[in-house]
Amino acid sequence: MKVGILGAGSIAVTMAKTLNGMENARAYAVGSRSLEKAQAFAEKNQVEKAYGSYEALFADPEVELIYVAVPHSHHYQAMKMALEAGKPVLCEKAFTANATQAEEILRLSEEKGIFVGEAMWTRFLPSRAMIDEVIRSGEIGKVHMITANLGYDIRTVERLRNPELAGGALLDVGIYPLTFIRMITDAKIASMDTSCVKLETGVDAQNAATFVFEDGCMASMHSSMLGGTEQAGIVYGDKGYLIAWNINNVNKIQIFDNNRKLIREMQVPEQITGFEYEVQAAIEAVSAGKTECPQMPHSETMYMMRLMDRMREAWGIRFPFETK
């Protein structure tokens with residue numbers, strides 16, 4: 001499948017590498033606001049065509065799937081333009097800046113019968129099925145607690161500092177621990193306590209939340225753009241616990257008993273970048289005429305956008321472009 005990459009930043013580079021390593025997909029075209037930047041990206045990353053506008057990329061009849069890799073603040077407009085041009089879309093997480101934008105995009109997808117998917121890659125990785133199997137087997141018993149975190153020292157990255165670009169730790173890194181928790185339990189949230197520390201620009205620099213679910217399970221998460229963390233997701237059961245290391249691309253899963261004795265360790269399969277699984281799922285959905293992927297259905301995208309809206313509301317954070 002011929003994929004058009006929208007954006008020419010670091011994530012776009014990773015996607016180009018992924019596509020160039022796949023057998024049934026290719027990095028066919030790239031679109032940027034700058035033709036010069038698009039051409040430089042195409043030459044460096046073995047992309048066949050370069051376009052100096054989003055419209056030009058969407059107008060290419062050879063493009064079969066658009067991958068959106070622009071800042072969060074631009075996801076909504078980019079996806080809307082792509083759908084109106086009749087192009088299926090795989091969009092980087094977070095899907096949009098807020099739930100209102102997401103609702104409109106997903107409604108447009110269903111109305112037109114065109115695929116739109118959120119590239120929350122952890123939901124597509126083999127580690128997801130491996131963790132699910134451990135929990136389903138009862139090896140660690142009944143789950144009663146989940147913890148998850150992710151952090152990097154990325155405080156100087158302009159797009160993350162800027163509220164106009166929907167910056168902050170939550171949408172960029174916090175979505176990973178939230179997704180890890182959601183992948184373990186789909187129980188309804190009974191209560192939530194959350195807080196954050198803000199940068200001088202007004203976006204969240206680091207955040208934390210504790211959830212109590214209606215089935216009695218609890219979960220806690222934190223994310224930060226001020227420094228690194230151990231980046232682990234831990235699932236505690238009444239017979240033992242599971243640690244998933246490197247939560248946003250799990251590379252090792254360890255199982256312990258209640259005495260903290262390591263029972264076994266699982267390594268995940270080798271990969272190109274890890275992005276190939278979400279691309280493959282999108283290809284299969286588009287080829288089958290579906291509007292969503294089973295690994296990341298529209299309902300889950302909406303759940304996460306509403307949850308993050310709820311957290312930002314508790315912190316008193318609104319982006320400048322959001323209407324009241």
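Let me start with a cut-off: a residue is called buried when its relative accessible area is under 20%, and exposed when that area is over 50%. With that in hand, take Tyr-28 in the structure above: its relative accessibility is 2%, so Tyr-28 counts as buried. One word of caution before I go on, everyone: this is a predicted model.

Let's stay with Tyr-28 for a moment. This residue sits in strand β2, which runs over residues 26-31. Which residues does Tyr-28 touch, once we set aside those up to four places away in sequence? The list is Lys-2, Val-3, Val-47, Glu-48, Lys-49, Asp-60, Glu-62 and Val-63. Lys-2 deserves a second look: 26 residues separate Lys-2 from Tyr-28 in sequence, yet their C-alpha atoms are 5.3 Å apart in space.

Now let me zoom out to the whole protein. There are 10 helices and 14 strands. The radius of gyration is 20 Å, close to the 20 Å that the globule rule gives for 324 residues, so the protein is as compact as a globular protein of that length. If you prefer a box, the C-alpha trace spans about 60 × 45 × 35 Å along its principal axes.

How much of the chain is buried? Buried residues are 56% of the 324. As for contacts, take those with a separation of 6 or more: 66% of them join residues that are 24 or more positions apart. On the outside, the protein exposes about 13800 Å², and carbon and sulfur atoms supply 49% of that area. For those of you who think in electrostatics, there are 33 positive and 41 negative charges, and the mean positions of the two sets are 2 Å apart.

Back to single residues, and please follow me down strand β2 and past its end. Arg-33 is in the loop between β2 and α2. Is Arg-33 buried or exposed? Its relative accessibility is 54%, over the 50% cut-off, so Arg-33 counts as exposed. Beyond its neighbours within four places in sequence, Arg-33 is in contact with Gly-52, Tyr-54 and Glu-55. If you want a long-range distance to check, Arg-33 and Ile-317 are 284 residues apart in sequence, and their C-alpha atoms are 29 Å apart.

Helix α2 comes next, and Ala-38 is found there. With a relative accessible area of 0%, Ala-38 is buried. Its contacts, again leaving aside neighbours within four places, are Val-30, Ser-32, Ala-50 and Tyr-51. Ala-190, by contrast, lies 152 residues from Ala-38 in sequence, with 48 Å between the two C-alpha atoms.

After helix α2, which covers 35-44, there is a loop leading to β3 at 49-51, and Gln-46 lies in that loop. For the backbone enthusiasts: phi of Gln-46 is near 55°, a positive value in a residue other than glycine. Gln-46 has 56% relative accessibility and therefore counts as exposed.

While we are on backbone geometry, here are two more spots to click on. The peptide bond from Lys-93 to Ala-94 is cis, with omega near -15°. Ala-94 belongs to the loop between β5 (89-92) and α5 (99-112). The other spot is Asn-246, which has a positive phi of about 65° although it is not a glycine. You will find Asn-246 in the loop between β12 (240-245) and β13 (252-257).

That loop between β12 and β13 also holds Asn-248. At 10% relative accessibility, Asn-248 is under the 20% cut-off and so counts as buried. What does Asn-248 touch, apart from residues up to four places away in sequence? Its partners are Trp-121, Thr-122, Leu-150, Tyr-152, Tyr-176 and Gln-231. Cys-293 is 45 residues from Asn-248 along the chain, and 19 Å separates their C-alpha atoms.

I'll finish with a charged residue, Glu-300, in helix α10, residues 298-315. Glu-300 has a relative accessible area of 13%, and so it is buried. Which residues does Glu-300 touch, not counting those up to four places away? They are Arg-123 and Arg-182. With Arg-182 there is a polar contact, side chain to side chain, at 2.9 Å.

Thanks for listening, and I'm happy to go back to any of these residues on the screen.

Key. Residues are numbered from 1 along each chain as its sequence is written. This is a predicted model: local features need pLDDT of at least 70, side-chain atom pairs count only at pLDDT 80 or more; totals for chains, interfaces and linings use all residues. Side-chain values use heavy atoms; hydrogens and water are left out. Helices (H or I, at least four residues) and strands (E, at least two) are DSSP runs, numbered from the N terminus. The radius of gyration is taken over C-alpha atoms; the globule rule is 2.2 Å times the number of residues to the power 0.38. Buried means under 20% relative accessible area, exposed over 50%, partly exposed in between (1.4 Å probe, protein chains only). Contact means heavy atoms within 4.5 Å. Accessible areas come from the Shrake-Rupley method with a 1.4 Å probe; for residues, only the protein chains shown count as cover. Lys and Arg count as positive and Asp and Glu as negative; His and the chain ends are not counted. The place of a charge is taken as NZ of Lys, CZ of Arg, CG of Asp or CD of Glu. A polar contact is a pair of N or O atoms within 3.5 Å; within protein, one must be able to donate a hydrogen and the other to accept it, and residues adjacent in sequence count only if both atoms are side-chain atoms.
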